Amino acid sequence: MGVGFDMQICKLGRDHLREALDLVWEVFEEYEAPDYEDMGVKTFQHFIEYNSMLERVETGEMKFWGCYQNSYLIGVIAIRPVQHISLLFVRGKFHHLGVAGRLVRVVVSEIRNSGPEVPAVTVNSSPYAVGFYKAVGFRALGPEETRDGIRFTPMRRDLS
């Protein structure tokens, strides 16, 4: 199974939110949590709590896309208005197959279509994902920071 395997990316609504958040937590636990203190893990767990995330989705404060192989959810990306990537998680066995890159391209396209006045896409990258974001055109805006136990590097990709 290489980069050419069959993937479908679609916008996710409330019907698929729990499945998306379960994937996010599963991947976070495996790849991110080992780099975080307990406070950071609890902060993240609180951030992805279903009911508060459902409210954000229903008010348009958060938009989700999922990447499926057949009917199996293998990756999730979420943005908050209008240009900030809040979540990007891909199941481990699908890492390095182009899934995250395809998800980023979908949201960059969505952001570009939202209006020419949006100059860039931003993300607060986890330590694990900095190399990936650099590879897809983001640059660090400064050194790694820690807020509420969450370690991140603020990054930006210009759209011009």
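Analyst: Ala, Val, Leu, Ile, Met, Phe, Trp, Tyr, Cys and Pro count as nonpolar, while Asp, Glu, Lys and Arg count as charged. The others, Gly among them, are polar. This model is predicted.

User: How does the lining of the largest pocket divide by class?

Analyst: Its lining has 22 nonpolar, 11 polar and 5 charged residues. The pocket's volume is about 980 Å³.

User: Which residues lie nearest the centre of the largest pocket?

Analyst: Ser-86, Phe-89, Asn-124, Ser-125 and Ser-126 do, out of 38 lining residues. Phe is on the nonpolar list, so Phe-89 is nonpolar. Ser and Asn are on neither list, so Ser-86, Asn-124, Ser-125 and Ser-126 are polar.

User: Which element supplies the largest share of the lining?

Analyst: Strand β4 does, with 7 residues. Several other elements supply at least two each, including α1 (14-32), α2 (38-47) and β8 (150-158).

User: Why are α1 and α2 called roughly antiparallel?

Analyst: Look at the angle. The axes of α1 and α2 cross at roughly 170°. Angles over 145 degrees count as roughly antiparallel. Therefore α1 and α2 are roughly antiparallel to each other. Their axes come within 11 Å.

User: What meets what between α1 and α2?

Analyst: Val-24, Trp-25 and Phe-28 in α1 meet Val-41, Phe-44 and Gln-45 in α2. That contact has 5 nonpolar residues, 1 polar and no charged. Gln is on neither list, so Gln-45 is the polar one.

User: What makes α1 oblique or roughly antiparallel to α3?

Analyst: Again, the angle decides. Helices α1 and α3 (residues 50-58) pack at about 135°, with their axes 10 Å apart. Roughly antiparallel needs over 145 degrees, and roughly perpendicular covers 65 to 115. The angle fits neither, so α1 is oblique to α3. The crossing of α1 past α3 is right-handed.

User: Which residues of α1 and α3 meet?

Analyst: From α1 come Arg-14, Leu-17, Arg-18 and Leu-21. From α3 come Tyr-50, Met-53, Leu-54, Val-57 and Glu-58. By class, this contact has 6 nonpolar, no polar and 3 charged residues. Arg and Glu are on the charged list, so Arg-14, Arg-18 and Glu-58 are the charged ones.

Terms used:
Residues are numbered from 1 along each chain as its sequence is written. This is a predicted model: local features need pLDDT of at least 70, side-chain atom pairs count only at pLDDT 80 or more; totals for chains, interfaces and linings use all residues. Side-chain values use heavy atoms; hydrogens and water are left out. On a 1 Å grid over the protein atoms alone, a cavity is a set of points where a 1.4 Å probe fits but cannot get out, and a pocket is an open set with protein on both sides within 12 Å along at least five of seven lines; lining residues have an atom within 4 Å of a point. Grid points are joined across faces, edges and corners, and a volume is the space filled by probe spheres set on the points. Helices (H or I, at least four residues) and strands (E, at least two) are DSSP runs, numbered from the N terminus. Axes are lines fitted to C-alpha atoms, for helices over the stretch in contact, and angles run from 0 to 180 degrees between N-to-C directions. Angles under 35 degrees count as roughly parallel, over 145 as roughly antiparallel, 65 to 115 as roughly perpendicular and the rest as oblique. A crossing is left-handed if the near helix is turned anticlockwise from the far one by less than a right angle, and right-handed if clockwise. Contact means heavy atoms within 4.5 Å.
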